[in-house]
Amino acid sequence: MKPPDDPNRSAAATEPVPATRERIIRAASRLMQRQGYDGTGIKQISQEAQATLGSVYHFFPGGKQELALAAISRGDQEFVEQLRAALYSDPDPARAIVVLCRSLADSLRLSDWLDGCPITTTALGTVGRLPDIQSAAADTFARWRGVVFDRLLESGVRESDARDLAHTVISTLEGAELAAQVSRSSRPLEVAGIHLSRLIALYR
């Protein structure tokens, strides 16, 4: 028998917890990736996630700042997976970096050049104002550099060189992705892939 409706039950309590929370994070991540932190509101996130405002604040009592941290964490995990898959797609990291750049260009093209780096777009508008978000973004870039560093080290690149190369790879990818977005062209990423490949080859 179906229990009688209780009007005092919150909207958050009546929705499936994992599904609702995940929808909210996905919505926040997608919107902040395209609009940045300041351009994205809690109400817009709730509408995009098809969740009530009560649900949003139930799962994220810290509001938009807590949601931004969750969005950065999600973007971090997704790119780490993409980064590892591409870097291990070929025994030679010099060739693998070309694969990675093509993969980034393909993803951008499929999004009609809207979905660039979620970390950069989210964090840039918070620099100097919201240190927790800035710190989370810095940690994320360090983690990405760590993935590249490990791959280069495994391939025989000296530790000091691998560390510097990892910085160069991530910084170049960030700039090339932004340039590709603005120009609506895969060319910046293609060129970045070619030259990063040549650079890595010099150290092996």
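H5 and H6 pack at an angle of about 135°, with their axes 8 Å apart, and are therefore oblique to each other. Oblique is what remains once angles under 35 degrees count as roughly parallel, over 145 as roughly antiparallel and 65 to 115 as roughly perpendicular. The model is predicted: local features need pLDDT of at least 70, side-chain atom pairs count only at pLDDT 80 or more, and totals for chains, interfaces and linings use all residues. Residues are numbered from 1 along each chain as its sequence is written, and side-chain values use heavy atoms, with hydrogens and water left out.

**Helix pairs**

- Helices (H or I, at least four residues) are DSSP runs, numbered from the N terminus.
- Axes are lines fitted to C-alpha atoms, for helices over the stretch in contact, and angles run from 0 to 180 degrees between N-to-C directions.
- The crossing of H5 and H6 is right-handed, meaning that the near helix is turned clockwise from the far one by less than a right angle.
- Phe79, Gln82, Leu83, Ala86 and Leu87 in H5 meet Ala96, Ile97, Leu100, Ser103, Leu104 and Ser107 in H6, where contact means heavy atoms within 4.5 Å.
- H9 and H10 pack at an angle of about 165°, and their axes are 8 Å apart.
- H9 and H10 are therefore roughly antiparallel to each other, and their crossing is right-handed.
- On the H9 side the contact includes Leu165, Thr168, Val169 and Thr172, and on the H10 side it includes Pro188, Leu189, Ala192 and Leu196.

**Helix H3**

- Ile42, Ile45, Ser46 and Ala49 are the buried residues of helix H3 (residues 42-49); buried means under 20% relative accessible area, exposed over 50%, partly exposed in between (1.4 Å probe, protein chains only).
- These buried residues cover an arc of only 100° around the axis, which puts them on the same side of H3; the arc is that of the directions from the helix axis to the C-beta atoms.
- An α-helix has 3.6 residues a turn, so residues three or four places apart point the same way.
- Exposed residues Lys43 and Gln47 are carried on the face of H3 turned away from its buried side.
- Gln50, just after H3, takes a positive phi of about 55°.

**Helix H8**

- The 24 residues of helix H8 (residues 131-154) should span 34 Å at 1.5 Å a residue, and its end C-alpha atoms are 34 Å apart, which agrees; the expected span is 1.5 Å times one less than the number of residues.
- Among the buried residues of H8 are Ile133, Phe141, Trp144, Phe149 and Arg151.
- What covers the buried residues of H8 includes helix H5 (63-87), helix H6 (93-110), helix H7 (118-124), helix H9 (159-183) and helix H10 (187-202).
- Gly156, just after H8, takes a positive phi of about 105°.

**Loop between H6 and H7**

- Most residues other than glycine have a negative phi.
- Asp112, found in the loop between H6 and H7, has a positive phi of about 60° although it is not a glycine.
- Asp112 counts as partly exposed, at 42% relative accessibility.
- Trp113 is found in the loop between H6 and H7 and has a positive phi of about 70° although it is not a glycine.
- Trp113 is buried, with a relative accessible area of 11%.

**Two serines**

- Ser29 lies in helix H2 (residues 17-35) and is buried, with a relative accessible area of 7%.
- Leaving aside its neighbours within four places in sequence, Ser29 is in contact with Ala71 and Arg74.
- Ser160 is in helix H9 and counts as partly exposed at 44% relative accessibility.
- Ser160 and Tyr88 are 72 residues apart along the chain, and their C-alpha atoms are separated by 21 Å.

Methods. Helices (H or I, at least four residues) and strands (E, at least two) are DSSP runs, numbered from the N terminus.
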